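Please open the structure in a viewer and keep the selection tool at hand. The tour proceeds from stop to stop, with a selection to make at each.

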Amino acid sequence: MDFEIFLSTTPGLESALYEEVRNKGFKQAKRIKGGVTIRGGWPEVWRANLWVRGASRVLARITSFKVTHLAQLETRAEGVSWNDILDPQYSFRVEVSCSKSRIYHSGAAVERIERALSKILKIPASSEAEITIMGRIEHDICTLSVDTSGVLLHKRGFRTSINKAPMRENMAALFLQQCGYKGTESVFDPMCGSGTFIIEAAEIAARLNPGRSRHFAFEKLVTFDPQVWKRMCDVKRQAETGIVFYGSDRDDGAVKMSGENAARAGVDKLTEFKQQTISDITPPTNTPGLVIINPPYGKRISDAQKLRPLYQTLGKILLEKFSGWRVGIITTDKGLAQATNLPFLPTTAPVQHGGLRVTLFQTDALNRNN
């Protein structure tokens, strides 16, 4: 069975996800609004969940049809061979979005699809179910998909401790990629928080699959083959690497948290975390690599003014001490980025993060004459 598979991501990061998906060998990758589509069958669904770092979820698009009224929606949904996909021992739930269509009430559409599936599977829908059928009705075209991921993919299964305003792992991976990181150089985060950037960088270098330590919703589908899945999970082993990845933070609790998260991820031997302020940072290794930072940025203009000295200090230290290193800074405010006095390259489009729009500002290799 060959069908379209949709890998969603944070709007604004579609191009970065497309590059990752294409480089990992998936067929017929296409960049679209909100993510990337590929073609394949259930093994490709499993691989996408297991391998792809930048995706938020993986949807198996089961069917698409024109629909103009609710009775027609229920009839068409009932005509899908759900018994070939859904296991009746597990309940399901339905989510629907409607846009520019004659069916405009998403709640009514949910009820009709739930009724159709319950009639076929002989089980009721449940708001607590892990299996989610997702309907999108746009311009009178209904697309029904199965969310094969379950819990969002940024939850790798190892980070039990987080700090305030944490960077999601899938976003961190794509920001690293946008900075040109390929797993062959050291990465340093001097405001490491819970260690997300450093752990993602170490995992990429070690060739560890991001989904190796978690459960997926597709494991409850009729289409799941445990033996094939086990072989798939066993294919990639941890690669040897002589590179170390470094994080620091002024908060001793954040440093401890980062170390614990790295240990749970199995990359503690590749990472080092220590407590220090921005004023005290120095290059952690003699070989230049990438400095990547998600500093505080606040929500109001007054917050930005208060943070300006921090950004000025950060830029001064990087220019003075980190010759040869590239820098990536994620922030909401162009003025804060400019306060560093770093020679930033043209930026990409802002992306949503924690209810704010953030932008990646990055440099080429620094030199003392910048």
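In which loop is Arg-207 found? Select this residue in the model, which is a predicted one, and the surrounding segment appears as the loop between helix 6 (196–206) and helix 7 (226–234). The phi of Arg-207 is near 60°, a positive value in a residue other than glycine. Most residues other than glycine have a negative phi. With a relative accessibility of 58%, Arg-207 counts as exposed.

Next, select Gln-28, in the loop between helix 1 (14–23) and strand 2 (30–32). Here too phi is positive in a residue other than glycine, with a value near 55°. The relative accessible area of Gln-28 is 55%, so the residue is exposed.

**Strand 6 and its partners**

Now select strand 6 (residues 131–138). Of its 8 residues, 6 are buried, so the rest of the structure largely encloses this strand. Add strand 5 (residues 92–99): the two strands run parallel and are joined by 8 bridges. Within this pairing, Val-96 stands opposite Gly-135 of strand 6. To follow the connection, trace the chain from strand 5 through helix 4 (residues 106–121) to strand 6; this β-α-β crossover is left-handed.

Then add strand 7 (residues 141–147), which pairs with strand 6 in the antiparallel sense over 7 bridges. Ile-137 faces its counterpart in strand 7, Cys-142, which stands opposite. The hairpin of strand 6 and strand 7 has 2 residues between the strands, and His-139 in this hairpin takes a positive phi near 55°.

Within strand 6, select Thr-132. Is this residue buried or exposed? Thr-132 is buried, as its relative accessible area is 3%. Its side chain is joined to that of Arg-93 by a polar contact of 3.2 Å. Beyond its neighbours within four places in sequence, Thr-132 is in contact with Arg-93, Glu-95, Ser-145, Val-146 and Asp-147.

**The nonpolar core**

Select Leu-7, Trp-82, Phe-175, Phe-245 and Leu-318 together. These residues touch the most other members of the largest nonpolar core, which holds 114 residues. Centre the view on Trp-82 and display what surrounds it. Not counting residues up to four places away in sequence, Trp-82 touches Ile-62, Ala-77, Leu-117, Ile-120, Leu-121, Ile-133, Leu-144 and Val-146.

Move on to helix 5 (residues 169–178), a mostly covered helix in which 8 of 10 residues are buried. Among the buried residues of helix 5 are Glu-169, Asn-170 and Phe-175. Just after helix 5, select Gly-180, where phi is positive at about 85°.

**The cysteines**

Finally, select the cysteines. How many disulfides does the count come to? The count comes to 0 disulfides. A disulfide is a covalent bond between the sulfur atoms of two cysteines. For Cys-98, the closest cysteine sulfur is that of Cys-142, 8.4 Å away, and therefore too far for a bond. A relative accessibility of 23% makes Cys-98 partly exposed. Cys-192 is likewise in no disulfide, the nearest cysteine sulfur being that of Cys-179 at 17 Å. Cys-192 is buried, with a relative accessible area of 5%.

Conventions:
Residues numbered from 1 in each chain as written. Predicted model: local features only at pLDDT ≥ 70, side-chain atom pairs only at ≥ 80, totals over all residues. Heavy atoms only, no water. Core = buried A, V, L, I, M, F, W, Y, C linked by side-chain atoms within 4.5 Å. Buried < 20%, exposed > 50% of the residue type's maximum accessible area, 1.4 Å probe, protein only. Contact = heavy atoms within 4.5 Å. Disulfide = S-S within 2.5 Å. Helix = DSSP H or I, 4+ residues; strand = E, 2+ residues; numbered from the N terminus. Pairing = 2+ DSSP bridges. Right-handed = clockwise from strand over helix to strand, strands pointing away. Polar contact = N/O pair within 3.5 Å; in protein donor to acceptor, adjacent residues only side chain to side chain.
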